[in-house]
Amino acid sequence: MLKLQFVTVPKFVKRMFPKRIWALPSKDTVYLTFDDGPIPEITPWVLDILKQYGAKATFFCIGDNIEKHPEIFKRIISEGHKTGNHTYHHLNGWKTTTEAYIDTVERCEEVMISNKYEVVSEVVQNKKITEIIEKNFRPPYGKISSRQAKILHKKNFRIIMWSLLSYDYDASVSEEKCLQNVLNHIQPGSIVVFHDSLKASRNLRHTLPKVLDYISEKEWQCSTV
């Protein structure tokens, strides 16, 4: 069976959900994001590569992973990247009651805030930290009901979606296809989705350095959302 893959988001979808952030206006900046971490097998490598290129990114973290690997989460913040909420257990909003979904978002937020506070307390006097306590949220799988989204907006969450998907997590996508998914569509203002997860590791290790090379050649900046 042919599997449809939308690397970029159709315009009608953006028009249907105008309060969700799909891109950011810019003439020379792109926004790389990483979902599903932090985990020791891949997130530190991502941080090393970003540091090599002087690039900043946004990491949408799972609360359970933060609790398992707080030192990596704190490293993300201390190196000047931003973080976002990706629920506590990577829940699909379409298959979860609204009450349970909001609970898992708030549980993740509590874990994030407690760990952020420790990092801010350690380094803020030296002005080494750019992370601020922003309530950025990305729904796992991009699946969230209108009611769930409305409640999160009322709780002052910014719902960050994306401009293009790399499909690094898809085992049926080759390394080169993953790379071309990004290079063929990235432009200033793009919010790009990668994954610092085990199943994305093969494609991500191939693609990320080459994408950063391309961004450098274009003389664009990589910033946080």
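Me: Which residues are buried in helix H2 (residues 43-53)?
Reply: This is a predicted model. In H2, the buried residues are Thr 43, Trp 45, Val 46, Leu 47, Ile 49 and Leu 50.

Me: What do the buried residues of H2 pack against?
Reply: Two strands and two helices. The strands are E1 (29-35) and E2 (58-61). The helices are H4 (70-78) and H8 (201-217).

Me: Why would residues three or four places apart in an α-helix point the same way?
Reply: An α-helix has 3.6 residues a turn, so that spacing brings residues round to the same side.

Me: And what comes just after H2?
Reply: Gly 54 does, with a positive phi of about 65 degrees.

Me: Zooming out. How many helices and strands in the protein chain?
Reply: Eight helices and eight strands.

Me: What radius of gyration does the chain have, and what would a compact globule have?
Reply: The protein chain has 17 Å. A compact globule with 225 residues would be near 17 Å, so the two agree.

Me: What box do the C-alpha atoms fill?
Reply: Roughly 40 × 40 × 35 Å, along the principal axes.

Me: How much of the chain is buried?
Reply: Buried residues are 55% of the 225.

Me: What about the exposed area?
Reply: About 11100 Å². Carbon and sulfur atoms supply 53% of that.

Me: Contacts next. Of those between residues at least 6 apart in sequence, how many join residues at least 24 apart?
Reply: 77% of them.

Me: Last one, charges. How far apart are the mean positions of the positive and negative ones?
Reply: 8 Å. The chain has 32 positive and 26 negative charges.

Key. Residues are numbered from 1 along each chain as its sequence is written. This is a predicted model: local features need pLDDT of at least 70, side-chain atom pairs count only at pLDDT 80 or more; totals for chains, interfaces and linings use all residues. Side-chain values use heavy atoms; hydrogens and water are left out. Helices (H or I, at least four residues) and strands (E, at least two) are DSSP runs, numbered from the N terminus. The radius of gyration is taken over C-alpha atoms; the globule rule is 2.2 Å times the number of residues to the power 0.38. Buried means under 20% relative accessible area, exposed over 50%, partly exposed in between (1.4 Å probe, protein chains only). Contact means heavy atoms within 4.5 Å. Accessible areas come from the Shrake-Rupley method with a 1.4 Å probe; for residues, only the protein chains shown count as cover. Lys and Arg count as positive and Asp and Glu as negative; His and the chain ends are not counted. The place of a charge is taken as NZ of Lys, CZ of Arg, CG of Asp or CD of Glu.
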